[in-house]
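Thank you for asking me to look through this model with you. My remarks follow as numbered points, and I suggest keeping the structure open while you read them.

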Amino acid sequence: MTEPRVQPDPAFALLGLYETALPEVYGYLLARCGDRVLAEELTSETFLGAVAACRKEHAPPVSTPWLIGVARHKLADHWRRAEREQRGLRLVHDAECDVEDPWDEQLDALRARQVLESLSVSHRAVLTLRYVDGLPVRDVATHLGRTIHATEALLTRAKTAFRRSYQEKEGRDA
């Protein structure tokens with residue numbers, strides 16, 4: 001009688017990549033959320049999600065760029081959860097702004113980061129995915145679970161809020 005062979009766990013492919021990918025994934029998340037504790041939690045969720053994905057029948061090849069993609073999804077999931085919590089706690093009243101106003105000024109990186117962190121979760125998420133990650137609006141909409149039209153409207157409101165807050169901070173810092 002032949003004994004069944006034990007198949008190696010496909011998630012072991014992550015072990016060889018873990019030490020080099022961990023700082024990349026953590027750095028990606030920290031640069032986008034600005035919160036060490038949150039970045040650590042999301043990094044952990046990323047690797048746990050990657051283990052689960054590796055064990056599926058048609059698992060993708062494991063690589064650092066693939067893990068960064070998993071991290072992007074975990075961050076977008078976090079932003080969606082946070083936005084739902086905010087909506088549950090208070091009524092958000094955003095005014096539509098139909099003004100086309102390209103902003104050609106040079107942004108101060110530190111001030112821009114501070115302003116971005118002060119915005120609502122939904123505004124921070126849409127601006128980060130669109131302008132920091134450079135994703136097209138279609139992909140931003142997919143990550144945020146919104147329609148393209150709703151994402152464009154959110155992006156317009158987020159840019160207006162960012163611009164207003166940036167200019168206010170600029171006036172205080174002068």
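1. Please bear in mind throughout that this is a predicted model. I begin with a residue inside the protein: phenylalanine 47 has a relative accessible area of 10%, and because the limit for calling a residue buried is under 20%, phenylalanine 47 counts as buried.

2. Phenylalanine 47 takes part in one of the 2 aromatic pairs that the structure holds. Its partner is tyrosine 18, and since the two ring centres are 5.0 Å apart while the planes meet at 65 degrees, the pair is edge-to-face; the cut-off that matters here is an angle over 60 degrees. The pair joins distant parts of the chain, because tyrosine 18 belongs to helix H1 (residues 13-33) and phenylalanine 47 to helix H2 (residues 36-54), with their positions 29 residues apart. Tyrosine 18, at 38% relative accessibility, counts as partly exposed.

3. The other aromatic pair is formed by phenylalanine 162 and tyrosine 166, and it is stacked, with 5.8 Å from centre to centre and 25 degrees between the planes. Both residues lie in helix H7 (residues 148-173), 4 residues apart, which is about one turn of the helix. As a general point, an α-helix has 3.6 residues a turn, so residues three or four places apart point the same way. Phenylalanine 162 and tyrosine 166 are both buried.

4. Which charged residue sits over the ring of tyrosine 166? It is arginine 111, whose charged end is 5.3 Å from the centre of that ring. A second arrangement of this kind involves arginine 130, whose charged end sits over the ring of tyrosine 131, 5.4 Å from its centre.

5. The largest nonpolar core has 41 residues, and those with the most contacts inside it are Leu29, Leu67, Val126, Leu127 and Phe162. At least two residues of this core come from each of H1, H2, helix H3 (64-89), helix H4 (109-118), helix H5 (121-132), helix H6 (137-144) and H7, and H3 gives the most, with 8 residues. To look at one core residue more closely, valine 126 is in contact with Val140, Leu144, Thr151, Leu154, Leu155 and Ala158, once its neighbours within four places in sequence are left aside.

6. Helix H1 deserves a careful look. Its 21 residues should span 30 Å at 1.5 Å a residue, and its end C-alpha atoms are 28 Å apart, which agrees. Even so, H1 has a kink of about 60 degrees at glutamate 19, shortly before proline 23. Leu14, Leu17, Ala21, Val25, Tyr28, Leu29, Arg32 and Cys33 are the buried residues to find in H1, and just after this helix glycine 34 takes a positive phi of about 70 degrees.

7. Is threonine 43, which is found in helix H2, buried or exposed? At 4% relative accessibility it counts as buried. Not counting residues up to four places away in sequence, threonine 43 touches Leu22, Val25, Tyr26 and Leu29; of these, Val25 and Leu29 are listed among the buried residues of H1.

8. Finally, glycine 145 lies in the loop between H6 and H7, and at 62% relative accessibility it counts as exposed. The C-alpha atoms of glycine 145 and arginine 80 are separated by 8.0 Å, although the two residues are 65 residues apart along the chain.

Conventions: Residues numbered from 1 in each chain as written. Predicted model: local features only at pLDDT ≥ 70, side-chain atom pairs only at ≥ 80, totals over all residues. Heavy atoms only, no water. Phe/Tyr/Trp six-rings, centres within 6.5 Å; stacked < 30°, edge-to-face > 60°. Buried < 20%, exposed > 50% of the residue type's maximum accessible area, 1.4 Å probe, protein only. Lys NZ or Arg CZ within 6 Å of the ring centre and 35° of its normal. Core = buried A, V, L, I, M, F, W, Y, C linked by side-chain atoms within 4.5 Å. Contact = heavy atoms within 4.5 Å. Expected span 1.5 Å × (residues − 1). Bend = angle between axes of the 7 residues up to and from the residue.
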